[in-house]
Amino acid sequence: MAHASLTELDAQAKDLLNQYQDKSLTAKERLAIPPQEMPSQDPNKRVHNMDEVAIGYTEAQVKVEALRCLQCKNAPCIAGCPVGINIPGFIKKTAEGDFKGAVNVIKESSMLPAICGRVCPQEAQCQLPCTVGKSLKSIDKAVNIGRIERYVADWESHTDSRENPSIAPSTGKKVGVVGSGPASMTAAADLRRAGHDVVMFEALHKSGGVLVYGIPEFRLPKSIVQEELDALAGMGVTIEHNFLVGRTAKLEDLMHREGFDALFLGTGAGLPKFLNIPGENYIGVFSANEYLTRSNLMRAYERNVAGTPLYGSKKVAVFGGGNVAMDAARTALRLGAESVTVVYRRTDEEMPARREEIAHAKEEGVQFLYLHAPLRILGDENGRVQHVELITCELGEPDASGRRSPREIPGTEALHAFDTVIVAIGNASNPLIERTTKGLDVNHRGNIVVDDETCATSMPGVYAGGDIVLGAATVILAMGQGRKAAKAMNAYLAEQGDAT
Ligand code: FAD
Ligand code: SF4
Ligand code: SF4
């Protein structure tokens, strides 16, 4: 399919707008309005740069897309959003051209619309139950809620119309927030708004968690995350970098010696999993975490100025089929690899990555080797990756997750030439805090056990949320837990009495 330019898509939208604007539309007429395609960078060009792939709707496009919403009375989309945004409410204001009003509706429930509008798996959340998609019998035809959300959030940022939230008078209470990903950013904002002194402790030299070190610039520009972090600093949240809780100071020390009245733990799931196959220690084998961190956080992609060494990869294999695998594969292409192959044990249909990300990867030239599993990695005399032995699989019965499990076919082993392997098969939680804290309950996966309603842990005054509780999940779920925990922490601190 030919790549439609921004100008072409905008011109088509303007025609549609002339046709439909200022008319009272029937449901049938709304259903007939075509979904607006997201303008994107040409695949042949974008594979040589780190700029954002999806360019964002034009004003005409966002209004046309908003007109597709039926304003359903039961609004099933709201139940599909983990934080329950009033979706018809903000879409109605968007259709009317009241973008500020639209952002305000979103911000009643979500703190990070520019981020969630970009990275939420909308097709599995708010857009999945959308009546328009159901009526047209295709999830691809649901109202593009996330794209509309992104537009109005960007509009607020570009027009400088963002207002600082009001802060309640000081309570004299001191609250620590461990980690600086979306769970912690949200908790910190809500706790600060209630008037507490908030200090954020981040192990790395930069804040933002996976939003900064994991998700690549071409999907989520770092300036957007920075804007949210600047807003936190503007509200008076202090951020301490290079502070590894469990090493720099233990949890108990923060509570008892440093005088924190409550703590929120949002330390994420940053411990990469490996396959434990022979050869995983050869030079040229990376966890996706390390690979992406080198590129994103250490800016290895700025080859002429970055001090971060870049491994000279030509033929790259990526093991895994999720979003992390797609991010690693597309990053490898941008860092100069000649070919990148995603090796996945099942087929395209079972791949857990977002459809949009798989499509983008294919457009950019990433190759996919389905129904293959790695058995071992072979190296040369210098210990550098030279080959990967793969075995062909077939699909058997569905497993506990409902996906058909792969079965290896004996006798189909074969060597494939690769010089780099990126392992992207998932992440677990880092056990550091658990191991250095007495009385903090974790489950068999190492995730902190919390109360569903309050996010309270087994330690009084200590709350937790995001990936450290849920396992590797999503930005919006992490954000939702940060908000839930902050609400319960505010109530807990109020019960502890006035400190002033
Ligand atoms: P994190 O974002 O992981 O932040 C945790 C922070 O805590 C980190 O900065 C870490 O350095 C810090 N920390 C850890 N231990 C300590 C300690 N002991 N002391 C101090 N600081 C500490 N989700 C989506 O919704 N859409 C996507 O498209 C998507 N793509 C992804 C792509 C990649 C490559 C990855 C890895 C994840 C992706 N996710 C995506 C998942 C999503 O990013 C996470 O679910 C989310 O960031 C979790 O937020 P969090 O606040 O719990 O933790
Ligand atoms: Fe949809 Fe995510 Fe926005 Fe909720 S936050 S409405 S799930 S895009
Ligand atoms: Fe609009 Fe779809 Fe939500 Fe109905 S379900 S209110 S059509 S977004």
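**Exercise 1.** Is Gln-71 buried, partly exposed or exposed? Find also where Gln-71 lies and what is unusual about its phi.

*Solution.* The model is predicted.
Step 1: Gln-71 has a relative accessible area of 31%.
Step 2: Buried means under 20% and exposed means over 50%, with partly exposed in between.
Step 3: Gln-71 is therefore partly exposed.
Step 4: Its place is the loop between α4 (59-67) and α5.
Step 5: Phi of Gln-71 is positive, about 50°, although the residue is not a glycine.

**Exercise 2.** Treat Asn-242 in the same way: give its loop, its phi and its exposure.

*Solution.*
Step 1: The loop that holds Asn-242 runs between β3 (238-240) and α14 (251-256).
Step 2: Asn-242 is not a glycine, yet its phi is positive, near 55°.
Step 3: The relative accessible area of Asn-242 is 54%, so this residue is exposed.

**Exercise 3.** Locate Arg-46, decide on its exposure and name the partner of its side chain in a polar contact.

*Solution.*
Step 1: Arg-46 belongs to helix α3, which covers residues 43-46.
Step 2: With a relative accessible area of 0%, Arg-46 is buried.
Step 3: The partner is Glu-363; the two side chains make a polar contact at 2.7 Å.

**Exercise 4.** Describe the surroundings of ligand 1.

*Solution.*
Step 1: Count the neighbours. Ligand 1 is surrounded by 33 residues, the closest being Val-119, Glu-202, Arg-219, Val-245 and Asp-467.
Step 2: Sort the shell by class. It holds 19 nonpolar, 10 polar and 4 charged residues.
Step 3: Assign helices. At least two residues of the shell come from each of α11 (182-193), α16 (323-334) and α20 (475-495).
Step 4: Assign domains. Domain 2 (174-265 + 429-499) and domain 3 (272-427) each contribute at least three residues to this shell.
Step 5: Look for backbone atoms by oxygen atoms of the ligand. For Pro-182, a backbone N or O atom is 3.2 Å from an oxygen atom of ligand 1. For Val-210, a polar backbone atom is 3.0 Å from an oxygen atom of the ligand. For Val-475, the distance from a backbone N or O atom to a ligand oxygen atom is 3.0 Å.
Step 6: State the cover. On its own, ligand 1 has 1000 Å² of accessible area, and the protein covers 93% of this.

**Exercise 5.** Which residues surround ligand 3, and how do they divide by class? Do the class count for ligand 2 as well.

*Solution.*
Step 1: Around ligand 3 stand Cys-69, Leu-70, Cys-72, Pro-76, Cys-77, Pro-88, Cys-130, Thr-131, Val-132 and Ile-145.
Step 2: The elements α5 (76-80) and α9 (131-135) give two or more residues to this shell.
Step 3: The shell of ligand 3 has 9 nonpolar residues, 1 polar residue and no charged ones.
Step 4: Around ligand 2 are residues including Cys-81, Cys-116, Cys-120, Cys-126 and Ile-476.
Step 5: The shell of ligand 2 divides into 8 nonpolar, 3 polar and 1 charged.

**Exercise 6.** Why does the largest nonpolar core lie between two domains?

*Solution.*
Step 1: The core has 70 residues; those that touch the most other members are Ile-87, Phe-90, Ile-91, Ile-115 and Leu-232.
Step 2: Its largest share, 10 residues, is supplied by α20.
Step 3: The core lies between domain 1 (6-158) and domain 2 (174-265 + 429-499) because both give residues to it.

How values were computed. Residues are numbered from 1 along each chain as its sequence is written. Chains are lettered from A and ligands numbered from 1 in the order in which they are written. This is a predicted model: local features need pLDDT of at least 70, side-chain atom pairs count only at pLDDT 80 or more; totals for chains, interfaces and linings use all residues. Side-chain values use heavy atoms; hydrogens and water are left out. A residue is near a molecule or strand if one of its heavy atoms lies within 4 Å of it. A polar contact is a pair of N or O atoms within 3.5 Å; within protein, one must be able to donate a hydrogen and the other to accept it, and residues adjacent in sequence count only if both atoms are side-chain atoms. Accessible areas come from the Shrake-Rupley method with a 1.4 Å probe; for residues, only the protein chains shown count as cover. Helices (H or I, at least four residues) and strands (E, at least two) are DSSP runs, numbered from the N terminus. Ala, Val, Leu, Ile, Met, Phe, Trp, Tyr, Cys and Pro count as nonpolar, Asp, Glu, Lys and Arg as charged, and the others, Gly among them, as polar. Domain bounds come from an automatic or database domain assignment. A nonpolar core is a set of buried Ala, Val, Leu, Ile, Met, Phe, Trp, Tyr and Cys residues joined through side-chain atoms within 4.5 Å. Buried means under 20% relative accessible area, exposed over 50%, partly exposed in between (1.4 Å probe, protein chains only).
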